[in-house]
Each structure stands twice: as structure tokens, then as C-alpha cells.
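Here are some notes to help you find your way around a structure that is new to you. Take the points in order, with the model open beside you.

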Amino acid sequence: MPRIQFADVSFPDHNIPSAHDIEVRLRKFLDSFREQIGSPKFDYALSEADRLKVRRRAAAYLSAVSRRSGMDHLDDKDRRKLQVFRGGAELKCVETEHRADEIASCLHTEMPWMAPATERLWHDMRASVRNGDPAPLVRPMLLVGPPGIGKSYWSRLLGAQLSVPTTIIEATSEPAAFAVTGSQKGWGSAGPGKVLEGIMASQIANPVIVVDEIEKAGEVQSAGGQRYSLTEGLLPFLERSTARRWSCPYFRIDFDMSWITWVLTANSLRGLAEPFLSRCPPTELRALTQEHLFGFAEREGLRRDLPPDAVDAVKDVIMAIKKPHNVSLRSVVRMLDAVDQAMNRPVLH
């Protein structure tokens with residue numbers, strides 16, 4: 001699998017000596033030098049001024065090495081965290097257009113009502129293969145449709161097909177803006193954010209990141225009165241030119257976030273600003289039909305090894321509901337859970 005330089009830093013060689021080792025070498029060199037110039041033997045003893053000079057030279061050398069790495073502003077703990085990127089980060093590729101077809105076919109078979117999203121993804125994957133990209137370059141997707149039709153489920157299925165991690169961030173949670181971007185030191189919740197933390201954990205640079213119910217995101221306010229919105233924080237990620245050198249507010253280092261597959265979900269476009277919508281034009285999705293719900297129940301029942309008559313019972317319940325759009329995938333899953341539990345309930349003696 002291809003690898004990229006993910007963090008814009010250079011990692012010093014593992015063999016860089018410690019401050020103590022450098023000081024020992026400098027003292028030996030000073031002794032040798034004085035002997036060469038014929039200085040009397042009793043002058044070889046280092047004075048306190050010599051020791052201070054040696055200490056300063058050792059510190060100056062290590063400081064120069066640190067500056068060249070781009071991590072001199074970080075403490076030892078944060079430098080150790082970034083060591084996972086010493087060899088770069090991995091990209092999971094889609095090798096051929098045929099493989100892109102297989103992924104799209106799987107998604108469509110499982111969730112045919114998500115066809116508009118699947119089709120756009122399919123075209124992007126095939127274009128990346130034709131262009132020779134090391135991994136799929138999927139344009140940010142804003143999936144807009146009724147709640148409960150499986151927008152997040154589709155995203156997880158996509159991540160599984162691409163063999164990459166999927167991270168889901170709830171936009172309605174209070175610190176959603178910081179969950180995506182991270183926050184600089186000085187905030188009580190200072191940290192690198194879920195997106196970067198996930199990449200650090202997996203060392204895969206092209207995960208699927210889902211931001212759920214983006215239209216309901218609020219703003220975060222600092223103690224100093226500064227306001228941070230989730231959609232504004234996302235803008236640098238959604239343009240490939242800026243995502244390639246995204247500056248993390250916590251580490252204050254640039255990272256290559258340009259390979260992430262972004263899936264943003266919304267029930268409506270209300271409250272979403274034009275700069276945000278211009279970067280990810282919405283993909284409109286329709287409500288589920290009874291036929292869609294039946295198909296999902298059958299496939300999910302088959303996965304759970306439920307007998308056909310148990311799945312038929314769930315379908316009867318769905319059929320009895322006069323308005324199918326009032327039934328979500330979550331409702332069907334709960335019905336199947338209830339059937340599963342009833343069938344596997346221990347027998348009382």
C-alpha cells in the first residue's frame with residue numbers, strides 16, 4: 001500500500017546522542033585538543049567555565065536539531081505522539097475500475113434508496129483509478145434526506161468496503177467544532193480532535209469521516225467570548241488545496257488531510273451557509289418505501305440467521321403501518337432485535 005508524508009515535520013535519527021553523551025564527547029575533544037597543542041598536563045582539568053561552555057554547546061546542538069524537525073515548540077509527550085508518523089501514513093487504494101464497480105454494486109444492493117450518493121461516489125472512485133491517484137479522491141458529500149433512512153449506516157458500509165476506519169461525529173454535541181478540528185492549548189478540553197486522533201491510531205490517511213446532522217450544529221464560545229462554528233471549522237478540510245496543508249491548532253503543525261472521505265449528513269439545508277454549501281453541493285435523498293424496508297429486513301434477518309417466518313412477522317408489522325415513511329431503519333433493527341431476543345430467550349425450568 002502507498003504511504004505519504006502525513007505530518008510536515010522531519011524526525012531526527014534514532015541515533016542522536018543524549019545531552020550527557022554530547023557533553024562527554026566535547027570534554028574528551030577538549031582534552032585531546034589541549035594535549036595536541038602541547039598544553040601542560042595539569043591544564044587538562046576542566047574548569048567550571050569549561051563545563052558551562054560544554055553544557056551550552058550540547059544544548060545548542062540539540063536545540064538546532066529540534067528546530068530543523070519542526071517540533072521544537074512541543075513538549076516531549078506530544079513529540080512522542082507524533083512518532084507514529086515517522087514512516088508516514090498509509091493510503092488504502094482502490095486498485096481498478098472493476099473494484100470501484102464492486103464497491104458501488106455492494107452499496108447499491110444493500111441500500112438501493114441511496115442510489116444518488118452511491119452513483120456520485122462510484123464516478124469519483126473510477127476517475128481516481130483512471131487518473132492514477134494512490135487512493136480514491138472522493139469529493140465531500142452532503143447527504144440530505146429524512147431521518148432514519150440510513151445515511152450513517154451507508155457511510156459505515158462504505159468504510160468497510162474501502163477497508164478504512166470510519167469515525168462518526170455528532171454535530172449536535174456541544175463541542176462538535178473542537179471534536180473535528182481540535183483545540184489549542186489553553187482550553188480546558190485542549191487536544192488534537194477526533195479526526196487527527198483517529199488517523200494517529202490507525203496510521204491510515206484516508207478514513208471515512210461522518211459528521212451527522214450538520215445543520216443542527218451550534219457554536220462553541222471561549223471564556224474570552226470568541227465563537228467557533230463547526231461549518232466554518234470544516235471549510236479548510238473541504239478544499240483539497242487547503243486540506244493538503246491543514247494546520248492543527250493543538251500541535252501547530254501542518255498535516256495532509258486531503259485524502260479524507262467526508263460524508264456530511266443533514267435532514268434539511270436550513271441554517272447552512274453558502275460558503276459551506278459551495279464546497280459540498282447537497283445530494284438529495286428520498287424517504288424509504290415499503291419495498292425498501294422489506295428488502296432491508298430480509299437482508300438483515302439473513303445476516304442474523306433468523307428463520308423466514310420470523311422475518312415475515314417483522315414485514316407484517318411494517319405492512320400494518322399505513323405511512324411507511326414513519327418507519328426508519330432503526331425501527332426495523334429494533335424489531336429484529338426483539339425477535340432475536342425472543343427466539344434466544346433461555347427456557348425456564
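1. Let us begin with a charged residue on a helix. Asp101 has a relative accessible area of 28%, so Asp101 counts as partly exposed. Please keep in mind as you look around that this is a predicted model.

2. Which residue does Asp101 meet in a salt bridge? The partner is Arg126, with 2.6 Å from N to O. The two residues are 25 apart in the chain, with Asp101 in helix 4 (residues 97–110) and Arg126 in helix 5 (residues 115–131), and the pair links distant parts of the chain. Arg126 is partly exposed too, because its relative accessibility is 21%. As background, side chains of opposite charge can pair when their charged atoms come close.

3. Helix 4 also holds Glu110, whose side chain forms a salt bridge with that of Arg303 at 3.2 Å, N to O. Here the separation is 193 residues, and Arg303 belongs to helix 12 (residues 290–303). Are these two residues buried or partly exposed? Glu110 is buried, with a relative accessible area of 15%, whereas Arg303 is partly exposed at 45%. The cut-off for buried is under 20%, which is why the value for Glu110 falls on the buried side.

4. Glu110 and Arg303 also take part in a network of salt bridges, together with Glu300, Arg304, Asp337 and Asp340. For the model as a whole, the count is 18 salt bridges. Another of them joins Glu213 and Lys216, at 3.0 Å from N to O. Both ends of that pair are partly exposed: Glu213 has a relative accessible area of 21%, and Lys216 has 45%.

5. Now turn to the sheet. What is the order of its 5 strands? The order is 4-5-10-3-11, in an open sheet with parallel pairing. Strand 4 (166–170) and strand 11 (282–284) are at the edges; each has a single partner strand, so one side of each has no neighbour in the sheet. From one strand to the next, the twist averages 25°.

6. It is worth following the pairing from the strand 4 edge inwards. Strand 4 and strand 5 run parallel and are joined by 5 bridges, with Ile169 opposite Val211 of strand 5. Strand 5 (residues 208–212) then pairs with strand 10 (residues 261–266), again in the parallel sense, over 4 bridges. Val211 appears here as well, since its bridge partner in strand 10 is Leu264. In general, strands of a sheet pair through backbone hydrogen bonds.

7. Strand 4 shows an alternating pattern of side chains. Thr167 and Ile169 point to one face and are buried, while Thr166, Ile168 and Glu170 point to the other face and are not buried.

8. Two helices are worth viewing against these strands. Helix 9 (residues 230–238) lies across strand 5 and strand 10, and runs at about 150° to strand 10. In helix 6 (residues 151–162) you will find Ser155, which is buried with a relative accessible area of 0%. Apart from neighbours within four places in sequence, Ser155 is in contact with Thr166, Val208, Val210 and Val263.

9. Which residues touch the most other members of the largest nonpolar core? They are Phe255, Trp262 and Phe276, in a core of 49 residues. The elements that each supply at least two residues include strand 3 (141–144), helix 7 (176–181), helix 8 (194–202) and helix 11 (274–279). Helix 9 gives the most to this core, with 5 residues.

10. Phe276 is a good place to zoom in. Leaving out neighbours within four places in sequence, its contacts are Leu142, Ile214, Thr231, Leu234, Leu235, Leu238 and Leu264. There is also a second, separate core of 40 residues, and among its members are Met111, Trp113, Leu158 and Leu329.

11. A last word on the cysteines. The count of disulfides is 0. Cys248 is buried, with a relative accessible area of 0%, while Cys93 is partly exposed at 22%.

Technical notes
Residues are numbered from 1 along each chain as its sequence is written. This is a predicted model: local features need pLDDT of at least 70, side-chain atom pairs count only at pLDDT 80 or more; totals for chains, interfaces and linings use all residues. Side-chain values use heavy atoms; hydrogens and water are left out. Two strands pair if DSSP finds at least two bridges between them. Axes are lines fitted to C-alpha atoms, for helices over the stretch in contact, and angles run from 0 to 180 degrees between N-to-C directions. Contact means heavy atoms within 4.5 Å. A disulfide is a pair of cysteine sulfur atoms within 2.5 Å. Buried means under 20% relative accessible area, exposed over 50%, partly exposed in between (1.4 Å probe, protein chains only). A salt bridge is a side-chain nitrogen of Lys or Arg within 4 Å of a carboxyl oxygen of Asp or Glu. A nonpolar core is a set of buried Ala, Val, Leu, Ile, Met, Phe, Trp, Tyr and Cys residues joined through side-chain atoms within 4.5 Å.
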